[in-house]
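Ready for some practice with helices? Take a look at the picture, then work through the exercises one step at a time.

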Amino acid sequence: MNADRAPGAHINQQQLRALIGDNPSLLGRLAKAYLGQVPGWMADFEHALQAGDSAGLARLLHKMKGSCHAISASNVALEFEQAEQRLEEASERLHAGQSSKLEWSGNHLLHRVREIEEELQLIIESQSSPK
């Protein structure tokens with residue numbers, strides 16, 4: 001296992017450092033941008049899921065996938081990519097009349113976002129604490 005990734009960790013810290021360098025200020029701005037999106041994502045996701053809005057869900061998944069890539073959570077970004085594909089398939093079944101509702105749930109992805117949120121906050125805290 002990579003020493004820069006704890007068990008269950010989603011953010012590849014080595015990759016993140018390669019992207020932003022040893023710049024706590026930049027890391028803080030990146031984290032603030034990511035963390036600032038989380039509440040809106042959660043609300044939008046729930047609303048789109050309840051409404052069966054596959055187009056809205058697809059746009060949201062795409063944004064979330066890109067944000068995961070931006071903070072070096074590439075494995076989770078892959079989960080979002082796979083979810084996009086499953087959502088597209090479910091949407092096609094719905095529009096073809098093969099199902100009466102959108103048979104797709106990405107609630108596990110919301111759990112991943114929360115895990116990343118916690119992990120990112122821990123990384124920020126470790127950067128700001130004296131070594």
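Helices here are DSSP runs of H or I with at least four residues, numbered from the N terminus. Keep in mind that this is a predicted model.

**Exercise 1.** Find the helix that holds Glu119, and decide whether Glu119 is buried or exposed.

*Solution.* Start with the place: Glu119 sits in helix H5, residues 107-128. Next, check the relative accessible area, which is 11% for Glu119. Buried means under 20%, so Glu119 counts as buried. Finally, look for its partners: leaving aside neighbours within four places in sequence, Glu119 is in contact with Ala9, His10 and Ile11.

**Exercise 2.** Compare the reach of H3 with its expected span, then work out where its buried residues lie.

*Solution.* H3 runs over residues 54-70, which gives 17 residues. From first C-alpha to last it reaches 24 Å, close to the 24 Å expected at 1.5 Å a residue. Now the buried ones: Ser54, Gly56, Leu57, Leu60, Leu61, Met64, Lys65, Ser67 and Cys68. They cover an arc of only 165° around the axis, so they lie on the same side of H3. Just past the helix comes Ser72, with a positive phi near 65°.

**Exercise 3.** Describe how H2 and H3 pack.

*Solution.* First take the angle: H2 (residues 24-51) and H3 pack at about 160°, with axes 10 Å apart. Angles over 145 degrees count as roughly antiparallel, so that is the word for H2 and H3. Their crossing is left-handed. The contact involves residues including Leu30, Tyr34 and Trp41 of H2, and Leu57, Leu60 and Met64 of H3.

How values were computed. Residues numbered from 1 in each chain as written. Predicted model: local features only at pLDDT ≥ 70, side-chain atom pairs only at ≥ 80, totals over all residues. Heavy atoms only, no water. Helix = DSSP H or I, 4+ residues; strand = E, 2+ residues; numbered from the N terminus. Expected span 1.5 Å × (residues − 1). Buried < 20%, exposed > 50% of the residue type's maximum accessible area, 1.4 Å probe, protein only. Arc of directions from axis to C-beta. Contact = heavy atoms within 4.5 Å. Axes fitted to C-alpha atoms, helices over the stretch in contact; angles between N-to-C directions. Parallel < 35°, antiparallel > 145°, perpendicular 65-115°, else oblique. Left-handed = near helix turned anticlockwise from the far one by under 90°.
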